[in-house]
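User: I am new to this structure and would like to understand the reasons behind the words used for it. Could we go through them one at a time?

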Amino acid sequence: MLKWAIIFAVIGLIAGALGFTGAAGAAMGIAKLLFWVGLVIAVILFILGVTIAKKVT
């Protein structure tokens, strides 16, 4: 998920540099959304991993 966020961020930067402000804004918005979703999923999986590891040992 974070890989796609980086890809959309790069697309947004390139589009912004070329003057496509609408496409750049959309790509950066998607990149921001994917970054936060990926971060939330990573935190949830980390918390689940810690709690399950305590139950197993």
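Analyst: Gladly; please keep in mind throughout that this is a predicted model. Its secondary structure comes to two helices and zero strands.

User: How do you know that the protein is not a compact globule?

Analyst: The radius of gyration of the protein is 17 Å, whereas a compact globule of 57 residues would have one near 10 Å. The spans of the C-alpha trace along the principal axes, about 55 × 15 × 10 Å, can be set beside that value.

User: Why is Ala 15 called buried?

Analyst: Ala 15, which is found in helix H1 (residues 2–18), has a relative accessible area of 11%. Buried means under 20%, and therefore Ala 15 counts as buried. Buried residues make up 14% of the 57 residues in the protein.

User: What makes Ile 44 partly exposed?

Analyst: Ile 44 lies in helix H2 (residues 21–56), and its relative accessible area is 46%. Because partly exposed covers the values between under 20% and over 50%, Ile 44 belongs in that class.

User: What makes Ile 44 eligible for a nonpolar patch on the surface?

Analyst: A patch residue needs over 30% relative accessible area, and Ile 44 has 46%, so Ile 44 passes that cut-off. The patch also includes, among others, Met 1, Leu 33, Val 37 and Val 56, and its residues have about 920 Å² of accessible area together. For the protein, the accessible surface comes to about 4,400 Å², of which 83% belongs to carbon and sulfur atoms.

User: Why is the aromatic pair of Phe 35 and Trp 36 called edge-to-face?

Analyst: The count comes to one aromatic pair. In this pair, Phe 35 and Trp 36 are 5.2 Å apart centre to centre, with 75° between the planes. Rings pair if their centres lie within 6.5 Å, and planes over 60 degrees apart count as edge-to-face, so both conditions are met here. Phe 35 itself is partly exposed, at 37% relative accessibility.

User: Where does UniProt place the feature "transmembrane region"?

Analyst: The unreviewed UniProt entry places this feature at residues 33–53, and the annotation may be inferred rather than shown by experiment. In the model that span is 100% helix and 0% strand, with its end C-alpha atoms 30 Å apart.

Key. Residues numbered from 1 in each chain as written. Predicted model: local features only at pLDDT ≥ 70, side-chain atom pairs only at ≥ 80, totals over all residues. Heavy atoms only, no water. Helix = DSSP H or I, 4+ residues; strand = E, 2+ residues; numbered from the N terminus. Rg over C-alpha atoms; globule rule 2.2 N^0.38 Å. Buried < 20%, exposed > 50% of the residue type's maximum accessible area, 1.4 Å probe, protein only. Areas by Shrake-Rupley, 256 points an atom, 1.4 Å probe, with all protein chains shown as cover. Patch = residues over 30% accessible without salt bridge, like charges linked within 9 Å, V, L, I, M, F, W, Y side chains within 5 Å. Salt bridge = Lys/Arg side-chain N within 4 Å of Asp/Glu carboxyl O. Phe/Tyr/Trp six-rings, centres within 6.5 Å; stacked < 30°, edge-to-face > 60°.
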